Amino acid sequence: MMSMTLRRILHGLGLLIVLCFTLFPFYWMVSSSFKDQTDLLASPPVWFFTPTLSNYTDIFADEKVSGAIVNSLVVATLTTALSVILGAPAAYALARFNFRGKSDLWFWFISNRMISPIVLALPVYVLALQLKLLDTHLVLILIYLTFNLPIVVWICTDQFRSIPIELEQAARLDGADQFTIFRKIYVPLGLPGIAVSAIFSFIFSWNELLYALVLTRRNVQTAPVIATSFMSGYELPWGKIMATGTVIVLPVTIFALLVSKHMVRGLTMGATK
Amino acid sequence: MSFLRLDNVVKRYGEHSAVQGVSFSAEKGEFVVFVGPSGCGKSTLLRMIAGLEEISDGDVLIDEKIVTHVEPARREVAMVFQSYALYPHMSVFENLAFGLRMVKTKEDEIKRRVAEAARILQIEMLLERKPRQLSGGQRQRVAIGRAIVRNPKLFLFDEPLSNLDAELRTQMRVEIAKLHRALGVTMVYVTHDQIEAMTLADRIVVLRAGLVEQVGTPTELYDNPANIFVAGFIGSPKMNFIPAVVTGAADRQLTVSCPAFAGGTLTVATKRQHQVKPGDTVTVGMRPEHLELQSATPVLSLKADFAEYLGGASQIYALPEGAPMMTIVVPGRPAIARNDTLPIGIAPQHIYLFDSQGLGI
C-alpha cells in the first residue's frame with residue numbers, strides 16, 4: 001500500500017520535472033516579452049519585475065512584423081489547403097485500392113519524414129535559385145508541401161481504412177462513382193482524421209524557420225524569420241524578439257489546446273478497432 | 001426462360017478457388033437461397049452476381065443480358081449487407097434517398113418513393129433519425145428499404161439476419177417472406193442457417209467448398225438428398241448416420257449389417273439403381289423426427305443416454321452399438337432412464353442409404 005503511494009508521488013514528481021523542462025522556455029519567452037531592456041539583461045536574472053507593453057507596441061508599430069504575420073498566414077493556409085486537397089485523395093487510394101508498388105509508395109511517403117531538413121537545405125536553395133523562385137510564397141508552399149503531404153496521407157490513410165468497406169460497396173451498388181464515394185462517404189466519415197492532419201500541417205508551416213530563413217529575403221519573410229532578424233551584429237533587442245515569438249506562438253497554442261482532444265483521437269486512430 | 005443465370009462461374013484467389021464452376025438459373029419472381037457452411041463460397045457467389053467481386057471465369061446473365069463485366073450500379077440489383085452498411089452520417093431519409101439521388105431522380109419522386117418504402121417497412125417515424133439511434137431490427141428494415149426504393153430487378157441478401165437475436169430473426173424472416181410475396185421480385189438470399197433456407201426458399205442451392213452439391217425445393221432436398229452432405233445439412237436436428245457393411249445386394253434392394261440394428265441386419269429398398277456389391281461399406285441415414293420409440297417392429301436397438309424435454313417434444317440421445325450417438329425426436333415427454341434399452345422403429349421409406357462415396361442410393 002505504502003509503495004503504491006510512493007510510486008504515485010514519484011510518478012507525479014517525474015511528470016512535474018518533464019513539464020518544467022518543456023514549459024520553462026515558453027514561460028521565459030512570455031515573461032521576457034513584458035520586461036524592459038534593463039530587466040532583460042540583468043545578471044543574475046530577475047524573477048519579479050514591473051511588466052511593460054512597450055515591446056509589443058514596438059513590434060506592432062513595425063510594418064515588417066505585421067507583413068511577416070500576413071506572409072505566414074498566406075503560406076500556412078495555402079500549404080494546409082493544398083496538403084489536404086492533394087493528400088486526402090492519395091490516402092483514399094492507398095487505403096482502398098490495390099496497385100503495383102503500393103507498399104513502396106507508402107514507404108516513400110513515410111521515409112520523406114525521416115530525412116533531416118537541414119540535409120536538403122542547400123540543394124533546395126540552389127534549385128530555387130535556378131528556378132528563380134527565391135523569396136516567393138510559392139517556394140515555401142512547395143517545400144512545406146513535401147513535409148506536410150506525408151503527414152496528411154499517413155493520418156488519413158489510417159482513418160479511411162477504419163471506414164467499413166461495405167459502405168463503399170453499398171454506395172457502388174447505389175450508383176455512386178468513385179469520386180462521389182470519396183466525397184460523400186469517405187470525406188464526411190474521415191473528417192476527424194482530415195481535420196487533425198490539417199492542424200498539423202498548419203502548425204508545421206506556421207512554425208517552420210529553417211527553410212523560411214534560407215529561401216526568403218525581404219518580400220516574403222515569415223514571422224519566425226522576422227523574430228530572429230532582430231538579432232543584428234550590434235544589438236540584441238531581446239524584448240522585441242520575445243514579444244514577436246509570443247505573438248507567433250500564441251494563436252497556434254490556443255488553437256492546439258482547443259482541438260487537443262481531437263488531436264489525440266486522430267493520432268491514436270486505427271490503433272484500436 | 002431464366003431471369004438470373006450463372007454459367008460455370010469461377011472465382012480464383014491466386015492458387016485457391018473460392019467458387020469452382022457454378023452453373024445455376026433462377027426464374028423471375030423466384031426466391032433462391034444459397035446455403036452452406038462458412039467458407040463454401042456462397043457470399044462470394046452473391047457478390048459476383050452483385051458485381052462487387054470480379055469473375056475469374058464464366059458468365060453472369062441477368063434478364064438475358066450478360067453482365068459479367070458490367071458495373072454493379074448498372075446491373076439493377078440491390079443488396080442488403082450482413083452489417084447493414086447504412087451510411088452513418090446520413091439520416092434514414094438520406095440513406096434511402098442516396099441511390100435515387102445518384103440517378104438524378106426528381107426531388108418529388110424521391111420523397112414519394114422513400115415514403116412508399118417507409119410505409120411498407122413501417123419506418124415512417126424513423127426517417128429523421130441517424131442509424132446509430134436505431135435498434136438492430138430497425139437498421140435491418142432501413143437496409144431493406146434502401147434496396148426497395150430503387151425498384152431493382154434483383155434483390156440480394158447477404159446473411160441479413162445473422163446479427164439479430166433469435167426472436168427478431170424469426171420476425172424479420174416472416175417479413176422478408178411477406179415482402180417477397182408483395183413485390184414478386186427475384187430474390188437471392190445467402191445464409192448458413194438451414195431453417196432460414198427451408199422456410200424462405202422456393203429453391204435451395206446447397207454449396208460446399210465452392211461447388212454446388214444439390215439444387216432443389218426445400219422438400220426435395222429434405223426427402224431426396226443427393227448425398228450425405230446435403231442429408232446432414234438440411235434438417236434439424238441433423239440426420240443420424242450409421243456405418244454399415246453390405247451383406248446382400250439385389251436390384252433396388254440392399255441388406256446391410258451393423259450391430260446397432262435389431263437382429264444385426266436391415267434390408268432396405270434403394271431409391272436409385274446402384275453399383276454396390278456385398279462387402280462394400282455404406283452409410284444408413286435416419287432423421288431424428290422419423291424414429292419411433294417403443295416400436296412393435298423395431299429396426300434399431302439403442303441404449304438411452306439422456307433426454308431433453310423441450311415442452312411439446314423431447315429430444316432423446318441414445319447410443320447404438322458400433323455407431324456414433326443418435327438423436328431421436330418424439331412428441332410428448334416419455335419417461336426414459338439412462339441405459340434403458342430402446343426398441344426404435346422407422347417407416348421403410350424414411351431410411352436413406354449412401355454409398356462409400358457419400359452419394360445417395
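**Exercise 1. Which handedness does the crossing of α4(A) and α7(A) have?** Describe the packing of these two helices in the predicted model.

*Solution.*
Step 1. The geometry is taken up first. The axes of α4(A) and α7(A) lie 6 Å apart and form an angle of about 40°.
Step 2. The crossing of α4(A) and α7(A) is right-handed.
Step 3. Sorted by class, the residues of this contact comprise 21 nonpolar, six polar and two charged.
Step 4. One residue may serve as an illustration. A:I141 belongs to helix α7 (residues 137–161) of chain A. Leaving aside residues up to four places away in sequence, A:I141 touches A:V75, A:L78, A:T79 and A:L82.
Step 5. A:I141 has 21 other C-beta atoms within 10 Å and is therefore buried, the threshold being 20 or more.
Step 6. A:A176 stands 35 residues from A:I141 along the chain, and 34 Å separates their C-alpha atoms.

**Exercise 2. Characterise the fold of chain A and the confidence of its prediction.**

*Solution.*
Step 1. Chain A contains 13 helices and zero strands.
Step 2. Its C-alpha atoms occupy a box of roughly 75 × 70 × 30 Å along the principal axes.
Step 3. Chain A has 273 residues, of which 35% count as buried.
Step 4. Consider next the contacts in chain A with a separation of 6 or more: 80% of them are between residues 24 or more positions apart.
Step 5. The average pLDDT of chain A is 87, and 95% of the residues score at least 70. Over residues 269–273 of chain A, however, pLDDT stays under 50, and the model has seven contacts beyond four places in sequence for this stretch.
Step 6. Where pLDDT is low, predicted coordinates should not be read in detail.

**Exercise 3. At what angle do helix α4 and helix α10 of chain A cross, and which residues of the two helices meet?**

*Solution.*
Step 1. Helix α4 (residues 63–96) and helix α10 (residues 191–207) of chain A cross at roughly 145°, their axes coming within 8 Å. This crossing of α4(A) and α10(A) is right-handed.
Step 2. The contact brings residues of α4(A), including A:S72, A:A76, A:S83 and A:G87, against residues of α10(A), including A:I194, A:A198, A:F202 and A:W206.
Step 3. The residues of this contact of α4(A) with α10(A) fall into eight nonpolar, eight polar and no charged.
Step 4. α10(A) itself has 17 residues and spans 24 Å between its first and last C-alpha, close to the expected 24 Å. Among its buried residues are A:I194, A:A198, A:F202 and A:W206.

**Exercise 4. How many residues does each chain give to the contact between chains A and B?**

*Solution.*
Step 1. Chain A supplies 13 residues and chain B supplies 17 residues.
Step 2. On the side of chain A, the elements that give two or more residues are α8 (165–173) and α9 (178–189).
Step 3. α8(A) gives the most to this side, with six residues.
Step 4. The side of chain A that touches chain B divides into eight nonpolar, two polar and three charged residues.

**Exercise 5. Why is α4(B) described as largely enclosed by the rest of the structure?**

*Solution.*
Step 1. Helix α4 (residues 136–148) of chain B reaches 19 Å from its first C-alpha to its last, close to the expected 18 Å.
Step 2. Ten of the 13 residues of α4(B) are buried, so the helix is largely enclosed by the rest of the structure. The buried residues include B:R139, B:R141 and B:R146.
Step 3. The buried residues of α4(B) pack against β6 (77–80), α2 (92–102), α3 (107–121), β7 (154–158) and α5 (166–183) of chain B.

**Exercise 6. Locate the unusual backbone geometry in both chains.**

*Solution.*
Step 1. Most residues other than glycine have a negative phi, and most peptide bonds are trans.
Step 2. In chain A, a cis peptide bond with omega of about -5° joins A:S43 and A:P44. A:P44 lies in the loop between α2 (37–41) and α3 (54–61) of chain A.
Step 3. In chain B, B:S236 and B:P237 are joined by a cis peptide bond, with omega of about -5°. The loop between α8 (228–233) and β11 (240–250) of chain B holds B:P237.
Step 4. B:Y84, which is not a glycine, has a positive phi of about 70°. B:Y84 sits in the loop between β6 and α2 of chain B and counts as buried, with 24 C-beta neighbours inside 10 Å.
Step 5. B:Q294 has a positive phi near 50° and is found in the loop between β14 (281–286) and β15 (300–309) of chain B. B:Q294 has 11 C-beta neighbours inside 10 Å and therefore counts as exposed.

Notes
Residues are numbered from 1 along each chain as its sequence is written. Chains are lettered from A and ligands numbered from 1 in the order in which they are written. This is a predicted model: local features need pLDDT of at least 70, side-chain atom pairs count only at pLDDT 80 or more; totals for chains, interfaces and linings use all residues. Helices (H or I, at least four residues) and strands (E, at least two) are DSSP runs, numbered from the N terminus. A residue is buried if 20 or more other C-beta atoms lie within 10 Å of its own, exposed if 12 or fewer, and partly exposed in between; C-beta atoms are placed from the backbone. Axes are lines fitted to C-alpha atoms, for helices over the stretch in contact, and angles run from 0 to 180 degrees between N-to-C directions. A crossing is left-handed if the near helix is turned anticlockwise from the far one by less than a right angle, and right-handed if clockwise. Ala, Val, Leu, Ile, Met, Phe, Trp, Tyr, Cys and Pro count as nonpolar, Asp, Glu, Lys and Arg as charged, and the others, Gly among them, as polar. The expected span of a helix is 1.5 Å times one less than its number of residues. pLDDT is the predictor's confidence in each residue, from 0 to 100.
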